[in-house]
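Hi everyone, thanks for making the time this morning. Let me put the model up on the screen and walk you through it.

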Amino acid sequence: KTPASGLPAVSGETWPTTPSPDAVLNLDVGDPTMYEAYWKGAGDRCSLVISGSELMSYISNPGSTCWFLEPELDKSIRRIHDLVGNAVAEDGRHIVVGTGSTQLLQAALYALCPPGLPKPTSVVCAAPYYSCYQEVTELLQSNLYKWEGDAHNFDKDGPFVEIVTSPNNPDGLVREAVVNCPNGKLVHDLAYYWPHYTPITRQADYDIMLFTFSKCSGHAGSRIGWAIVKDKEVAVKMTKFMEVTTIGVSKESQLRAAKILGTICDDCQAFNANTKSESFFDHAKRLMTERWDKLHEVIKRSEIFSLAKFPRDYCLFSAEFFETHPAFAWLKCNNKVKDSEGLLRGHKILTRSGNRFGADRTYVRVSMLSGEEVFNLFLERLSTIKIGIGNGN
Ligand code: PMP
């Protein structure tokens, strides 16, 4: 059985990199192993050597709002946003680093939901919402905040936080806030606002923007995320949360992220100057496009599954029109299927049911970020699934 996180109970148990033809395919978690081949090709350009005497102190930059943020990572983050044009990260904005953006979401809730109110601050997100928001908000049964589910149904008068995910996990759509009320504070989760997933149509400039190394370059194992924060007081409170929970973030991970983000930038700039090799974003976008084309082909012939169409837009970064190719497929089964996740599980494909995202069980979320062989096996199996008489599932 796969635990709630979707991660395997025993390492390797449902996690093959070269799967046998009848292996269980875990497409529940968005584990970005599809990018490994690209980084193998980068050879030693991203290697780091760290001696035993380096990086020993807790402290990175005592003068900065986020005192445990390595200056090199700060520089690389601002550089990549400036280059891609997806978010305003100029000098006046505060950067807070976290152990993944999952920890930063918790830091943001802590910063935005003051103690001492008559009731906990409501936390909402438009359905279908990323399933972890509910898990994170409910885990500690905090008195500071309370999960209130779908933002479309929210009609309370009190203070609230709305999380806006754009492009959205699970359905890939570009979104804006939906609650129209002045008592609210917004957290924008822009994990997928990168040019391999979606056209970059403008420079985002929100109060709190969350990004993650996991989905930008595929290095989920480094557990690096960052928040770009306008208000210094909020950044200080978020930093306080990190200080109390983990006294900062691994410097080894930060330096690795700094190096890799820097390499992506160097390559984009070099490749723009007419070299033949592909930059990371070009490579990842080509792979995502190929995968989505293949998936659409299979879905076209399916009597059970369907997919929504994504709009095309002009990308200011790549200077071309293209369709969003999200990190997840949000598959809908026809009405004869009561439990899409169960149907796929019967074919040894692990996915995440729509009900975890505030939607119904005819939907499932399927990761598009697996290794190549797992993805191809998934398509093979998907194309053979039929609903037999009497197995209305
Ligand atoms: N936000 C969204 C929308 C995500 O999909 C994910 C990862 N699945 C995260 C945040 C968390 O990323 P991290 O690995 O940085 O904790």
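I'll begin with confidence, then go through some helices, the ligand and a few backbone details.

First, the ground rules: residues are numbered from 1 along each chain as its sequence is written. What you see is a predicted model, where local features need pLDDT of at least 70 and side-chain atom pairs count only at pLDDT 80 or more, while totals for chains, interfaces and linings use all residues.

So, confidence. pLDDT is the predictor's confidence in each residue, from 0 to 100. Its mean over the chain is 93, and 93% of the residues reach 70 or more. Over residues 9–16, though, the pLDDT is below 50, and beyond near neighbours in sequence this stretch has 10 contacts in the model; a contact here is two C-beta atoms, placed from the backbone, within 7 Å. Residues 389–393 also stay under 50, with 9 contacts beyond four places in sequence. Where pLDDT is low, the predicted coordinates should not be read in detail. The model's scores are ipTM 0.99 and pTM 0.94.

On to the helices. Helices (H or I, at least four residues) and strands (E, at least two) are DSSP runs, numbered from the N terminus. I'll call a residue buried if 20 or more other C-beta atoms lie within 10 Å of its own, exposed if 12 or fewer, and partly exposed in between, with C-beta atoms placed from the backbone.

Let's look at H6, residues 232–246. This helix has 15 residues and reaches 21 Å from its first C-alpha to its last, close to the 21 Å expected at 1.5 Å a residue; the expected span is 1.5 Å times one less than the number of residues. Which residues of H6 are buried? They are Val234, Ala235, Met238, Thr239 and Met242. Seen down the axis of H6, they fall within an arc of 135 degrees, so they line one face of the helix; the arc is that of the directions from the helix axis to the C-beta atoms. An α-helix has 3.6 residues a turn, so residues three or four places apart point the same way. And what do the buried residues of H6 pack against? Their partners are strand S2 (94–99), helix H3 (100–112), strand S7 (208–212) and strand S8 (224–229). Turned away from the buried side, Glu233 and Val244 are exposed.

At the end of this helix, Thr246 is still in H6, and Thr246 is partly exposed because 13 other C-beta atoms lie within 10 Å. Its C-alpha is 9.5 Å from that of Gly98, although the two are 148 residues apart in sequence. H6 is then followed by Ile247, whose phi is positive, near 50 degrees.

Next, H8, residues 280–300. Its 21 residues should span 30 Å at 1.5 Å a residue, and the end C-alpha atoms are indeed 30 Å apart. Among the buried residues of H8 are Phe280, Phe281, Ala284 and Leu287, along with Lys285 and Arg291. The buried residues of H8 fall within an arc of 160 degrees seen down its axis, so they line one face. The other side of H8 has exposed residues, including Arg286, Glu290 and Asp293. Lys300 is exposed too, because only 10 other C-beta atoms lie within 10 Å.

Now the ligand. Which residues come nearest to it? Of the 13 around it, the answer is Gly100, Ser101, Thr102, Thr212 and Ser214; to be near, a residue needs its C-beta atom, placed from the backbone, within 6 Å. H3 gives the most to this shell, with 3 residues.

Finally, the backbone. Most residues other than glycine have a negative phi, and most peptide bonds are trans. Here the bond from Ala127 to Pro128 is cis, with omega near -5 degrees, and Pro128 sits in the loop between S3 and H4. A cis bond also joins Ser166 to Pro167, with omega near -10 degrees. Leu55 has a positive phi near 60 degrees, in the loop between helix H1 (36–41) and helix H2 (71–84). Lys348 likewise has phi near 60 degrees, in the loop between helix H9 (340–345) and strand S13 (349–350).

That's my tour, and thanks for listening!
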